[in-house]
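Colleague: I am new to this one. Please walk me through the terms used for it.

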Amino acid sequence: MPEPVQTQVFDGMALANELRRQLAEEIEDLTKAGKRPPCLAVVLVGDDPASRSYIKGKQRACSRIGMDAVEHMLPASTSQDELLALLADMNADDAIDGILVQLPLPDAIDPTVIAEAIDPAKDADALHPMTAGRLVSGKYDIASCTPLGVLACLDHHRIPLEGANAVVVGRSQIVGKPVSLLLQLRNATVTMCHSRTRDLETICRSADVLVVAAGRPRMVGADWVKPGAAVIDVGVTEVDGKLVGDVDFDAVQGVAGLITPSRRGIGPMTITMLLRNTLHAYRTRKGL
Ligand code: NDP
């Protein structure tokens, strides 16, 4: 019987607040020097309540750090051409530094076409293929927000990544792939798993760092976790009106060395990295 492990629980809200304070100070310094604050433009097509609430959260986060936000709430009937025209205007508008198009989009709009229409210099949500390509090349300024949040969490807890066995469950464009690349750039040995992976449990149990982004509630139990491993639970699924992670949080306590909760875990870090990306895009474009 292995010794129980003292499990640290990541406080994503506390770290997010600390990082947002630093961003607010940077913006204050810029405005004191006579510069305008950075501005994030957010676009929502349709009236999905969850997306609407994410957008509101992002706008609130902007205003709290002194960043401007403009919103475009478009009806679900918006055509792809209309959205492309709006993006062209925003790309040309010097007062806009970051552009976020909230996903998912209605079926009539191809998200790949939209991602490619965002100016890479304003790609705060890291959707453009050029942004993804820069991450692949290892020379990136902006990267997907959730993966940057995962890395910030691991760094905050001083989890050694060099030579570590890292397992990522999920291979999506916005989470699994960029997390795997970021970990590889930090010299972890990365195994990327997905729905066709064989013997997932054994692979997960080999991980020093386990990042789970599958959207499968409580898929990872205590038996899947190596004692002392850092377990990052990105998944959030609503089950019976409650948000549930991909990791059985209660079961892995006493096994994992570090665990992120599904509330106040990686979520607040994702928004923080959106703010960080917008400020970064602003500074780069303006040479500041
Ligand atoms: P996607 O649905 O795009 O991707 C899910 C991935 O998980 C796919 O690669 C899929 O494999 C894999 N997968 C699904 N089921 C299994 C399984 N049983 N075993 C192994 N792999 C599996 O999701 P996202 O990446 O967009 O999001 C993942 C989760 O993270 C969701 O719960 C989402 O809500 C959450 N999320 C949370 C964020 C936050 O800020 N906290 C931000 C973004 C996402 P395959 O490719 O073979 O289909």
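Colleague: What is the hand of the crossing of H1 and H10, and what makes a crossing count as that hand?

Modeller: The model is predicted. In it, H1 and H10 cross in a left-handed way. The term applies if the near helix is turned anticlockwise from the far one by less than a right angle.

Colleague: Which residues of H1 and H10 make the contact?

Modeller: From H1 they include Leu15, Leu19, Leu23 and Ile27. From H10 they include Ile271, Leu275, Leu279 and Tyr282. By class, the contact has 14 nonpolar, two polar and four charged residues.

Colleague: Why are H1 and H10 called roughly parallel?

Modeller: Look at the angle. Helix H1 (residues 12-32) and helix H10 (residues 266-286) pack at about 20°, and their axes are 9 Å apart. Angles under 35 degrees count as roughly parallel. H1 and H10 therefore get that name.

Colleague: Why are H2 and H10 called oblique?

Modeller: The axes of helix H2 (residues 49-64) and H10 cross at roughly 55°. Roughly parallel needs an angle under 35 degrees, and roughly perpendicular starts at 65. The angle of H2 and H10 fits neither, nor is it over 145, so the pair is oblique. Their axes come within 10 Å.

Colleague: Is the crossing of H2 and H10 left-handed or right-handed?

Modeller: H2 passes H10 in a right-handed crossing. Lys58, Ala61 and Cys62 of H2 meet Ile271, Leu274 and Leu275 of H10. Five of these residues are nonpolar, none is polar and one is charged.

Colleague: Now the ligand. What makes the pair of Ser195 and the ligand a polar contact?

Modeller: A polar side-chain atom of Ser195 lies 2.5 Å from a ligand oxygen atom. The cut-off for a pair of N or O atoms is 3.5 Å. The Ser195 pair is within it, so it counts.

Colleague: Which atoms of Arg216 and Val236 come into play?

Modeller: Arg216 has a polar side-chain atom 3.2 Å from a nitrogen atom of the ligand. Val236 uses a backbone N or O atom, 3.0 Å from a ligand oxygen atom. In total, 20 residues surround the ligand, and Arg171, Ser172 and Thr270 are among the closest.

Colleague: How do you know that the peptide bond from Leu103 to Pro104 is cis?

Modeller: Its omega is near 0°. Pro104 sits in the loop between strand E4 (98-101) and helix H4 (111-117).

Colleague: What is notable about the phi of Arg218?

Modeller: Its phi is positive, about 50°, although Arg218 is not a glycine. Arg218 belongs to the loop between strand E7 (209-212) and strand E8 (230-233).

Key:
Residues numbered from 1 in each chain as written. Predicted model: local features only at pLDDT ≥ 70, side-chain atom pairs only at ≥ 80, totals over all residues. Heavy atoms only, no water. Axes fitted to C-alpha atoms, helices over the stretch in contact; angles between N-to-C directions. Helix = DSSP H or I, 4+ residues; strand = E, 2+ residues; numbered from the N terminus. Parallel < 35°, antiparallel > 145°, perpendicular 65-115°, else oblique. Contact = heavy atoms within 4.5 Å. Nonpolar A, V, L, I, M, F, W, Y, C, P; charged D, E, K, R; others polar. Near = heavy atom within 4 Å. Polar contact = N/O pair within 3.5 Å; in protein donor to acceptor, adjacent residues only side chain to side chain.
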